[in-house]
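Biologist: Hi, have you got a few minutes to walk me through this one? I'd like to start with how the pieces pack.

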Amino acid sequence: MGDATTPCALVVMGVSGSGKSTIADRLAARLGWRYEDGDKFHPAGNVAKMAAGHPLTDEDRLPWLQAIADEIDRVCHAGERAVIACSALKRAYRGILVHGRTEVRIVFLSGTQELIAGRLAARKGHFMPPGLLASQFSTLEPPAASEHPLTVSIDASVEAIVDDIISQLKLERP
């Protein structure tokens with residue numbers, strides 16, 4: 001399952017627009033690990049509900065989070081390593097994903113609502129309803145120290161953010 005210093009899985013979390021997919025993908029490439037987009041684990045019913053513009057409930061999210069947790073279990077037991085992008089906004093969600101394992105680490109992409117709103121506004125062809133970002137921030141429960149998160153500011157370049165994460169992990173730079 002990996003030693004205490006090298007996790008088998010990193011869950012890159014944050015609100016919509018914080019750069020989860022971009023950072024997780026780049027981090028995985030730098031580490032030589034597999035990248036997984038957590039959204040691909042949503043059951044068809046969730047995808048249909050979101051496509052119809054309906055927000056997911058915690059009950060809707062449970063099978064999605066369990067599917068990601070099962071993939072983390074599979075990766076860790078197989079001796080593999082993965083970086084997974086997943087919003088994981090609530091402590092309860094992270095509890096399902098990590099469930100006490102020290103070899104799974106949370107990477108929290110931290111940024112202000114203003115910074116993220118500006119980035120979203122600059123995205124070409126990306127639509128986000130105005131209330132969604134505010135609702136993401138009202139839902140967000142930043143990881144507590146007891147969750148042993150790696151917290152990084154997103155007010156930097158992708159490479160600088162990835163450097164910061166690798167530095168905090170104290171891994172050898174590939």
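**Sheet, helices and a pocket**

Modeller: Happy to! Helix 3, residues 58–77, lies across strand 1, strand 2, strand 3 and strand 4, and runs at about 170° to strand 2. Bear in mind that this is a predicted model.

Biologist: Thanks. Which strands does helix 1 lie across?

Modeller: Helix 1, residues 20–31, lies across strand 1 (9–13), strand 2, strand 3 (82–85) and strand 4. Its angle to strand 3 is about 175°.

Biologist: Okay, and the sheet itself: in what order do the strands come?

Modeller: The order is 2-3-1-4-5, in an open sheet of five strands with parallel pairing. At the edges are strand 2 (34–37) and strand 5 (150–153), each pairing on one side only. From one strand to the next, the twist averages 20°.

Biologist: Let's zoom in on strand 3. How many bridges join strand 1 to it?

Modeller: Four, with strand 1 and strand 3 running parallel. A9 has A82 as its bridge partner in strand 3.

Biologist: And what about strand 2 with strand 3?

Modeller: Strand 2 and strand 3 also pair in the parallel sense, over four bridges. There, R34 stands opposite A82.

Biologist: Are the strand 3 residues buried or exposed?

Modeller: A82, V83, I84 and A85 are all buried. A82 and I84 point one way from the strand, while V83 and A85 point the other way.

Biologist: Over to the other edge. How does strand 5 pair with strand 4?

Modeller: In the parallel sense, over four bridges, with strand 4 covering residues 104–110. One residue to look at is V107, which stands opposite L150 in strand 5.

Biologist: Changing topic to pockets: what volume does the second largest pocket have?

Modeller: About 240 Å³. The lining of the second largest pocket has 13 residues, and those nearest its centre are V98, G100, R101, S146 and E147.

Biologist: Which elements give two or more residues to that lining?

Modeller: Helix 4 (91–98) and strand 4. Helix 4 gives the most, with four residues.

Biologist: How do the lining residues divide into nonpolar, polar and charged?

Modeller: For the second largest pocket, three are nonpolar, five are polar and five are charged.

Biologist: Great. So strand 4 turns up in both places?

Modeller: Yes: strand 4 pairs with strand 5 in the sheet, and strand 4 also gives two or more residues to the lining of the second largest pocket.

Terms used: Residues are numbered from 1 along each chain as its sequence is written. This is a predicted model: local features need pLDDT of at least 70, side-chain atom pairs count only at pLDDT 80 or more; totals for chains, interfaces and linings use all residues. Side-chain values use heavy atoms; hydrogens and water are left out. Two strands pair if DSSP finds at least two bridges between them. Axes are lines fitted to C-alpha atoms, for helices over the stretch in contact, and angles run from 0 to 180 degrees between N-to-C directions. Contact means heavy atoms within 4.5 Å. Buried means under 20% relative accessible area, exposed over 50%, partly exposed in between (1.4 Å probe, protein chains only). On a 1 Å grid over the protein atoms alone, a cavity is a set of points where a 1.4 Å probe fits but cannot get out, and a pocket is an open set with protein on both sides within 12 Å along at least five of seven lines; lining residues have an atom within 4 Å of a point. Grid points are joined across faces, edges and corners, and a volume is the space filled by probe spheres set on the points. Ala, Val, Leu, Ile, Met, Phe, Trp, Tyr, Cys and Pro count as nonpolar, Asp, Glu, Lys and Arg as charged, and the others, Gly among them, as polar.
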